[in-house]
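Here's a quick briefing to read alongside the structure. Take a look at the picture first, then work through the notes below.

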Amino acid sequence: MAGILVFGECTQGAVRARSREAVTLGRQLAAATGQELHGALTGPAGVMAAAGQFDSGFASLTVIEDARFDHYLAVHHVAAARGLIAQLQPSIIQIGRAHV
């Protein structure tokens, strides 16, 4: 499945601003390429409640809720991303994290 996959991050029950910016860019890329836009939101317990802040009419939205996201460690985010990328096989990946 081709498409654009936008990763977002939730902390303390709110979607991070960088994640919302990534959605905006993802929408622009989807419009320019004619591809579907998919979303993935990661965060600790409570991320499901924040999913509405992130969902922007994605063709699909995957919410990955895990206590390991309480404290940022790249290894946990990379593991979650790998699994979803393998499943969706997007042609473009947009990540809202400015520094890793």
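Let's start at the end of a helix: right after α1, G34 has a positive phi of about 75°. Keep in mind that this is a predicted model. From there, we'll look at the helix itself and then at two side-chain pairs.

**Helix α1**
- Helix α1 covers residues 17-33, and at 1.5 Å a residue its 17 residues should span 24 Å. Its end C-alpha atoms are indeed 24 Å apart, so the two values agree.
- On the buried side you'll find S19, A22, V23, G26 and A30. Looking down the axis of α1, these buried residues fit within an arc of 105°, so they line one face of the helix.
- That kind of pattern makes sense, because an α-helix has 3.6 residues a turn and residues three or four places apart point the same way.
- What do the buried residues of α1 pack against? Their partners are β1 (4-11), β2 (14-15), β3 (37-43), α2 (47-54) and β5 (92-95).
- Flip to the face turned away from the buried side, and you meet the exposed residues E21, A31 and A32.

**The aromatic pair**
- There's one aromatic pair in the structure. It's made by F54 and F58, whose ring centres are 5.3 Å apart with planes at 40°, so the pair counts as tilted.
- F54 is buried, at a relative accessible area of 1%, and F58 is buried too, at 10%.

**The salt bridge**
- Side chains of opposite charge can pair when their charged atoms come close.
- The count here is one salt bridge, and it joins R68 and D66 at 2.8 Å, N to O.
- D66 is partly exposed, with 23% relative accessibility.

Methods: Residues numbered from 1 in each chain as written. Predicted model: local features only at pLDDT ≥ 70, side-chain atom pairs only at ≥ 80, totals over all residues. Heavy atoms only, no water. Phe/Tyr/Trp six-rings, centres within 6.5 Å; stacked < 30°, edge-to-face > 60°. Buried < 20%, exposed > 50% of the residue type's maximum accessible area, 1.4 Å probe, protein only. Salt bridge = Lys/Arg side-chain N within 4 Å of Asp/Glu carboxyl O. Helix = DSSP H or I, 4+ residues; strand = E, 2+ residues; numbered from the N terminus. Expected span 1.5 Å × (residues − 1). Arc of directions from axis to C-beta. Contact = heavy atoms within 4.5 Å.
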